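Q: Please give a close account of one helix in this model, covering its packing and the empty space beside it. Please state the cut-offs behind each term.

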Amino acid sequence: MAAVDIRDVRKAFGVAQILHGVSIDIADGEFVILVGPSGCGKSTLLRMIAGLESITSGEIAIGGRVVNEVPPKERDIAMVFQNYALYPHMTVADNMAFSLKLKKAPASETAARVKQAADILGLTAYLDRFPRQLSGGQRQRVAMGRAIVRDPQVFLFDEPLSNLDAKLRVAMRAEIKELHQRLKTTTVYVTHDQIEAMTMADKIVVMHDGHVEQIGAPLDLYDRPQNRFVAGFIGSPSMNFIDGRVDGSGSPMLAGNGGLRVPLEAEASTHAGRAVTLGIRPEHLQLSSEGMPAEVVVVEPTGSEVQVNARLPGGEEIVAVFRERHLFKPGEKIGLKPLPGLQHLFDAETGKRL
C-alpha cells in the first residue's frame, strides 16, 4: 500500500486546457472517489496516475516516488476498467492469472493468488468458465480479481459499474466497499454518479471544468458545500435554489421573485441588501400553512417516500421529499417551510457559500 500525492497537476491537449493545477493528497489505505460531470477531467487524472496519459506539468508521487516518467507497468498499480477488458478466449482463472504469468511468477504462487482472489470475490465455482458464460456482475468481479492477484500498492477504478443495471450496481457498490475494508489497499475510483461517491468513499473530490471544487468526507460535502456547484451536485434529488435579496429590516428575510418572502437564519442579517441564492434540500422542506406558497406540478410516489415537484410564485420549480404518503394532486396549493438550521446561503454572483 502507498499514499498518492498529486501536486499542481496540469494537462493540456494543444491549446485546450483540461486540468488546471489539481492538488490532492490521498493517504495510505484511503478510498478516494473523483466525481463530477462528464468532461470535468476526472478520468484524465486517473489515467495520468496510471501512466496512460502524460503530465503537462506538476508531479504525481506514489509511495513517495515521483512517477511522472515511470512506465505504467513499473508503477505497481492495478486498474479496473469500465468495459472489463477480459480476454474472451481465456477462462476466468487464466484471465486472473495473466499478469502473473507475464511476470513469470512460479505456478504455485500464481495458483494460490488466483484461489485467494476467487474466494474473496465468490468466483471459485466459475474459474473454468469463459467470460461469455458470465453475467455482467460476474465479469466485473473477474476484472477486480485480476487486479487483486497483482497485490498492487494502488487500485484504480474507472467507472466500473456504469455498464450494470441499477439493482446490480447497488450490490456491486457494497462488494467493492467490503473488498476495500478487507484489503485496505489505497483506492482511487472515478464516477459521475454522486450516489456511488456518497455511499462508498472515505473522501470525495468534486471536480468541475478541470478544477477541484471541494475535497472532504461525504457528509461534510453534503452538510457544508463550499459553493453552489457542489451543493447542486451532491445529493439526490438535487438541492433547490431560490434567488433573491436579503431584507434586513427586522428579522432577516429572503425577498424573492413574485413577492416571495422566506425567513432566513439570524446570521443572514449581516448580508442585508445582498443578492443571494438560498439553497434548501428537498428532504429539509416540511408542510406548513405559514410556509412558501407553492402549486403542485408533479407527484412521484416511490413507496418509501413521496417526491413533489412544485412551482413558487416567481416561477421557480422546487422539489420536496416527504416520508409520509400525501395524496397531492397537480394544481393543488400547499405551503413549504424550510426546517430550521438547514438553510444554505450562497453569493448570487460568485456562488460561494456565505
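A: The buried residues of α5 pack against β3 (31–35), α3 (107–121), α4, β7 (154–158), β8 (186–191) and α6 (194–200). Contact here means heavy atoms within 4.5 Å, and helices (H or I, at least four residues) and strands (E, at least two) are DSSP runs numbered from the N terminus. The model is predicted: local features need pLDDT of at least 70, side-chain atom pairs count only at pLDDT 80 or more, and totals for chains, interfaces and linings use all residues. Residues are numbered from 1 along each chain as its sequence is written, and side-chain values use heavy atoms, with hydrogens and water left out.

Helix α5 spans residues 166–183, 18 in number, and reaches 26 Å from its first C-alpha to its last, close to the 26 Å expected at 1.5 Å a residue; the expected span is 1.5 Å times one less than the number of residues. Its buried residues are M172, R173, I176, K177, L179 and H180, where buried means under 20% relative accessible area, exposed over 50% and partly exposed in between (1.4 Å probe, protein chains only). Seen down the axis of α5, these buried residues fall within an arc of 155°, so they line one face of the helix. The arc is that of the directions from the helix axis to the C-beta atoms. An α-helix has 3.6 residues a turn, so residues three or four places apart point the same way.

The helix also borders enclosed space. A cavity is a set of points on a 1 Å grid over the protein atoms alone where a 1.4 Å probe fits but cannot get out, and lining residues have an atom within 4 Å of a point. Grid points are joined across faces, edges and corners, and a volume is the space filled by probe spheres set on the points. The count comes to one cavity of 30 Å³ or more, and the largest cavity has a volume of about 50 Å³. F31, F155, F157, I176, L179, H180, T185 and T187 line the largest cavity. β7 and α5 are the elements that give two or more residues to this lining, and α5 supplies the largest share, three residues. By class, the lining has five nonpolar, three polar and no charged residues; Ala, Val, Leu, Ile, Met, Phe, Trp, Tyr, Cys and Pro count as nonpolar, Asp, Glu, Lys and Arg as charged, and the others, Gly among them, as polar. I176, L179 and H180 are thus named both among the buried residues of α5 and in the lining of the largest cavity.

Note on methods
1 Å grid on protein atoms, 1.4 Å probe; cavity = no way out; pocket = protein on both sides within 12 Å on 5 of 7 lines; lining within 4 Å.
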